Structures are given as C-alpha cells and as structure tokens.
Amino acid sequence: MARLRLGPLLRQIDWETGERATVWVETDEPCTVEVRCVPVADAATGGAPQVAHTEPVREQLTAGAQPGGSTRTWRIAGHHYALVEVTGLRPGSVSAYEVLLDGERVWPLPDSRFPASTIRTPSPEQATARGQAAASATGGAPAVQIVFGSCRWAAPPGADAHDPVGPDALDTLAGHIAHTPDGERPDALVLLGDQVYADETSAATRAWLATRRDVSQPPWHQVADYEEYTRLYYESWLDPEVRWLLSTVPSCMMFDDHDVVDDWNTSAAWLAQMRATPWWRTRVLSGLMSYWVYQHLGNLSPAELAADELYAAVRAASTAQEQQENEQRERREKLQAQSATAEQASGAAPADEASAGPGTTVSSVSAAGGAAAEAPTGHSGLAHPTTAPDATAVLRDFVERSDADPTFARWSYRRDYGRVRLLMVDTRAARVLDEGARSMLDEKELTWLRDQAHAGQGEMDHLLIGTSLPWLLPHFVHDVEGWNAALCAGERGPRWARIAENVRQRADLEHWSAFPSSFDALTDLIAEAGRGPQAPATISVLSGDVHHAYVAEPDWSRWPLPPNSHVLQLTCSPVHNSIPASIRVGFRFGWSRAGRQLGRVFARHGRTGRAALGWRRTGGPWFGNQLMTLTLRGRDAKLRLDQARVDRSGAARLVTAMQRTVGPPRR
C-alpha cells in the first residue's frame with residue numbers, strides 16, 4: 001500500500017476564477033493521488049470549517065459533483081511526486097480536503113491534533129481586479145493578507161526541548177491559526193529564501209550523512225546530492241506544525257544562497273573556484289533539481305503548469321517508465337505461471353529466479369518499482385542519463401543548461417491576488433558575473449520584470465516585489481558594497497582589485513548595492529511603475545537574508561521624476577535562525593549617523609560618486625525569529641511585525657512588535 005512521505009502542501013489557488021487549486025505530495029511508491037473536498041463554510045462570512053479532522057470527507061459527500069482532482073505520480077531519482085489540480089471549487093468558500101493514495105485515505109493523519117486542512121477560495125469581489133475595484137468604490141473591498149519572511153533553519157530542539165535559536169516563527173504561526181480557527185489567516189505565505197540549509201546541517205542530519213559516505217571528505221557535513229537534499233526537506237516540512245500550516249495556507253517560494261551554498265554566485269572568481277572542486281557540479285545540479293521539485297513547481301498556476309514543457313516531459317518520461325515496468329511485471333508473472341504449470345505436470349523442482357527471463361531476475365524487476373530504484377544512482381544521488389529509471393535525466397538536462405546559461409530558464413514568476421500583484425524575483429541564478437558586465441539580473445530577466453510591473457496599469461492597487469536580497473540596505477553596508485564593486489572592477493588598479501575580491505567573498509558583499517547598475521535599474525523600474533494617475537497606491541519590496549527586520553523608505557527629492565506611489569523596503573528575517581551579537585552590532589552601526597559618515601569615506605575612495613537616491617530607516621531594526629504581515633484592502637495598507645517569543649509558561653506565542661498604517665507617500 002502506498003504511503004504519504006511528505007505533504008500535502010497547498011500551493012496555489014486560482015484567483016482568476018476562485019475555482020481551482022493545486023496540492024503537492026510525495027509518496028513512497030507509484031500510485032494515483034486523489035484530493036477530495038467538501039465545502040464546509042462561506043469564506044465571505046469568515047466561518048470556520050466544521051469538519052472534524054478524523055471524519056473522512058467522503059462520508060460527508062452528497063449527491064452531485066464535488067470538488068477534487070486526481071493524478072498519477074511521477075518519479076525523480078527514485079522518489080515519487082504528484083501535483084494535483086483541484087477543480088470544481090466554489091468562489092468565496094472554505095473546503096476541507098483529504099488525500100487518498102490508490103483509494104486509501106492517508107491525510108489527515110489519524111492521530112492529528114490539528115483542525116481539518118482547508119482550501120479557502122477568494123470571493124467574487126476578491127477574485128478579479130474588476131471585482132475588487134467595484135467593491136473598493138463602494139467601501140466594501142475585502143482584504144488580501146500576505147505573510148512573509150526568510151531564513152528557516154529547521155533543526156529541531158534537543159532532548160531537553162530547548163531550542164538554541166529560539167521559538168520557530170512558522171511553528172508559532174501554525175499554532176496561532178490552529179487555535180483561532182475563526183480568526184484571520186493569510187491568503188499567501190511568501191518564503192523568500194533559505195527554506196533549507198544545504199551547507200549548515202543539523203546534528204541529526206550530520207549523523208545520517210555519516211552513514212552514507214565518508215564525511216571527512218568534501219563536501220564534509222554539507223549535503224552532496226539529490227538524495228541528501230530530500231533529507232533536508234523531510235527535516236523541515238515533517239515538523240508537525242509546519243506540515244499542517246503548509247497544508248492549509250497557500251505558499252510562494254524563492255531560493256536564496258543557502259538553498260545551494262552560502263554566497264552562491266557571488267562573483268566570477270567565486271564561481272571559478274567552486275567549479276574547480278570535485279563536488280560542486282553534483283551539488284548545484286542537485287540543489288536546482290530539488291528546488292524545481294519541492295519548491296518551484298508549486299509556484300506555478302494551473303494554467304502555467306498546463307503550458308510547461310518541462311513538467312510535461314517529466315510526466316511523460318515517468319509514465320513511459322512505469323508502463324515498461326508493468327510490462328516487465330506482466331511478462332514475469334506469465335513466465336512464472338507457465339513455469340508453475342510445467343512443474344506440476346512434470347513433477348520438477350520449483351524454478352529459481354532465472355525463470356523470469358534471459359538477463360532478468362525477479363528481484364531486479366520488482367526493485368524497479370520501489371525504493372530500490374535508487375540503487376543505480378551511486379554517490380552522486382542522480383542516475384546517469386543513460387540508465388535513469390525515471391525522469392531524472394530530463395530534469396538533470398534542464399538544470400545543467402540552466403546552470404551554464406542564466407538566460408536559459410526563468411525561475412521568477414508572477415502571482416495576482418485580485419488587485420494585488422506579487423512579482424517573485426530570482427536574484428541568484430539569473431546573475432551575470434563577468435566583471436565587465438556584472439548584473440543582478442540578465443537583460444532578459446530584467447525585461448520580464450519591467451513588463452510585469454507595468455502590465456495592466458490601473459489594475460493594481462498594490463505592487464509587491466519579492467527579492468530575497470534587500471534593495472535598500474543600511475547606508476554603511478550600501479556604501480561599502482559600492483566601494484567594493486568599484487575596486488573589483490579595477491577603479492584603483494589590479495592590486496586593489498585582488499584585495500577587494502577577497503573582501504567581497506569573506507564579507508558577503510553581494511546584495512543589490514554590489515551590482516550598482518542593477519541597483520539603479522531596479523530603482524528606475526520602481527519609479528516608473530509608481531508614476532501616473534493609475535499607479536499603485538503602494539510599491540513594497542519584500543526581502544529577507546540579513547537576519548533582522550526593518551522598514552526603509554526612499555527619499556525621492558533628488559530624483560528627476562519621483563513616483564506617486566508610496567514605496568517601501570520591507571525586510572524580515574529570520575523565521576528561525578541564530579542572530580549573533582556581531583550581526584546586531586554591525587547592523588545597528590550600519591544604520592547610525594557614524595556608519596553613514598564612514599560609508600562616505602569608502603565611497604570617496606571608490607570614486608562611486610553621490611547616489612541620486614537617498615533613503616531613511618522608518619522602522620526597526622528588530623532582532624528575533626519573526627514574520628511580517630501586509631494587509632491590503634482597496635488602496636489602504638497595514639503593516640505588522642510579529643515575533644515568536646516564549647511566555648512565562650514556556651509556551652511560544654506571537655507578540656506584535658510593530659503595527660502601522662501605510663499612508664500616502666511623503667515628499
């Protein structure tokens with residue numbers, strides 16, 4: 001019987017119609033995955049689901065068509081996955097759902113302490129830009145709530161239940177939602193990078209790695225291949241609170257450096273050093289493959305999935321392999337039956353496994369359909385393209401080309417929530433690293449971003465740009481990164497260039513300000529998108545990475561054509577990670593007047609000139625495990641920062657550290 005290995009994850013809800021959603025799972029063998037739903041409440045009234053998590057949804061179904069969907073699993077590196085398109089949902093409703101594998105119910109778990117996993121669809125007023133505009137005009141616009149953060153190290157607490165990095169903000173959010181089912185819940189959970197840490201593994205994972213290979217050899221206790229990446233996702237997403245949260249709140253994800261390795265694609269010199277190591281190629285390909293499977297595929301809408309050539313190729317390759325295995329199994333069973341008949345007639349001894357056919361054994365045939373299919377992968381954890389037992393070769397070829405050419409694939413994507421637009425931007429794999437043409441985004445990617453920011457002007461009340469790396473940093477950090485970029489480009493000669501490259505890699509100087517032309521291009525794009533009578537009320541850049549939270553607002557007084565929109569840099573990190581004292585001191589200094597003055601000294605040495613854009617910090621810095629929430633209603637916006645803290649009873653809870661209304665832009 002097939003079992004649920006990971007998930008379910010509720011990934012996308014179709015805001016165009018309010019009638020479709022996608023649910024992702026991993027299973028332990030090939031099977032048909034089915035999602036069954038039953039409407040249990042009207043989302044417009046804020047009603048809570050009334051379905052107990054232990055009561056099968058199928059027993060509540062009434063006559064007539066019910067929401068749901070089913071699909072066959074596909075396979076990568078011996079692992080089995082499915083992304084189910086759920087159809088027939090009613091706009092403005094809440095539907096509880098269950099997951100079945102080959103007809104057997106596997107979710108909700110029988111001993112779950114959590115409420116039913118639900119799919120909440122937007123109301124007709126929410127689902128379209130036109131509907132939101134009409135509701136806004138009458139003062140009845142429904143709210144869209146986006147929760148975001150980054151940097152979640154998933155290592156569980158030790159035996160004494162003490163968490164060395166403090167309570168997990170996602171765990172705490174899950175507990176809050178589970179215990180207040182009638183309360184607000186996000187329309188989307190936006191995770192801005194470092195969902196897994198390939199280079200900073202937990203003690204449990206390090207012990208597991210030591211059972212697979214010699215960890216005294218590179219890459220030591222870091223993950224090496226696809227199989228080891230799957231371990232990171234299990235460790236992160238089998239956390240009971242997080243597992244339930246991801247099953248009931250739609251999520252959008254984007255990678256950052258630790259999803260592959262710290263400072264991924266810092267510079268051309270860095271990349272050359274990594275490519276010279278014996279382990280890097282397998283690592284980066286495995287990181288991109290696992291990201292596509294576990295994170296990226298679920299970012300796509302049902303319409304995008306239907307048009308995705310890679311997804312179709314992966315499914316086709318898996319289907320062909322499964323058909324081949326079924327034919328082999330049928331031949332084997334037929335041969336066994338014939339052999340048994342002949343033995344009974346002749347009285348011969350039972351045939352051994354060789355009767356399965358020339359060059360084939362019973363054990364080898366049966367292994368092809370189960371976990372043993374991972375055996376041919378070797379140390380790399382990836383089957384060789386000529387012997388791949390599934391769609392591994394198809395996906396590997398795709399990521400090989402993506403890694404070699406940043407313009408080959410686009411990991412960035414767009415989601416619309418009525419009149420709220422979210423653009424999630426790849427700031428890692430799309431980089432151009434040649435020193436003479438360094439860019440955070442290649443020209444193709446930048447053009448896509450610009451087009452999406454301008455598309456349908458007048459149909460957006462709010463534009464959100466998700467970039468794992470902050471656009472506006474503390475002034476000292478910004479000036480040092482600009483100085484470093486100038487010296488690396490040869491502004492002070494080859495000796496300074498060598499020193500600066502060493503500093504760049506050691507100090508992680510690789511944010512937007514380390515790519516000066518890209519910083520200016522993003523600033524131009526934001527200013528253009530925010531100009532005119534039909535401009536969005538707010539443009540917010542959502543970021544993480546820097547292990548603290550803050551709000552910064554640009555000063556457009558020296559800008560030739562300032563935007564009409566209120567523009568904000570909203571940074572929130574980490575969700576669950578350590579915050580060394582050096583980080584606290586360093587970033588506080590970076591925002592200080594003394595830090596700004598020292599930064600100007602670096603800028604003069606680097607001959608970078610005075611920036612046309614200024615900015616000021618208007619909130620923070622805040623340190624701790626935390627999440628930010630944007631609540632967007634019509635053209636109004638409210639911002640809240642919640643931190644996970646332990647109360648006197650020892651329980652973790654969310655404490656609001658900041659709450660404010662985002663007003664009209666200041667001049």
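Disulfides, taken as pairs of cysteine sulfur atoms within 2.5 Å, number zero in this predicted model. Two of the cysteines, Cys31 and Cys37, sit out of reach of solvent: Cys31 is buried at a relative accessible area of 0%, and Cys37 is likewise buried at 0%. Buried here stands for under 20% relative accessible area, with exposed set at over 50% and partly exposed in between, using a 1.4 Å probe and protein chains only. By that yardstick, 58% of the chain's 667 residues are buried.

Because the model is predicted, local features need pLDDT of at least 70 and side-chain atom pairs count only at pLDDT 80 or more, while totals for chains, interfaces and linings use all residues. Residues are numbered from 1 along each chain as its sequence is written, and side-chain values use heavy atoms, with hydrogens and water left out.

On to the fold. The chain carries 18 helices and 22 strands, these being DSSP runs (H or I of at least four residues for helices, E of at least two for strands) numbered from the N terminus. Of the contacts (heavy atoms within 4.5 Å) between residues at least 6 apart in sequence, 77% link residues at least 24 apart.

One open sheet is built from six strands, ordered β12-β11-β10-β20-β21-β22, with mixed pairing; strands pair if DSSP finds at least two bridges between them. Its edges are β12 (251–253) and β22 (652–662), each pairing on one side only. From one strand to the next, the twist averages 20°. At the β12 edge, β11 (residues 188–191) runs parallel to β12 and is joined to it by three bridges. One bridge partnership there is that of Leu189 with Ser251 of β12.

Helix α3 (residues 169–179) lies across β10 (143–149), β11, β20 (626–633), β21 (636–646) and β22, and runs at about 90° to β22. Axes are lines fitted to C-alpha atoms, for helices over the stretch in contact, and angles run from 0 to 180 degrees between N-to-C directions.

Helix α3 also meets α6 (residues 240–248): their axes come within 8 Å and cross at roughly 65°. The crossing is left-handed, meaning that the near helix is turned anticlockwise from the far one by less than a right angle (clockwise would be right-handed). On the α3 side, the contact uses Leu170, Asp171, Leu173, Ala174, Ile177 and Ala178, and α6 brings Glu241, Val242, Trp244 and Leu245. Sorted by class, that makes eight nonpolar, no polar and two charged residues, where Ala, Val, Leu, Ile, Met, Phe, Trp, Tyr, Cys and Pro count as nonpolar, Asp, Glu, Lys and Arg as charged, and the others, Gly among them, as polar.
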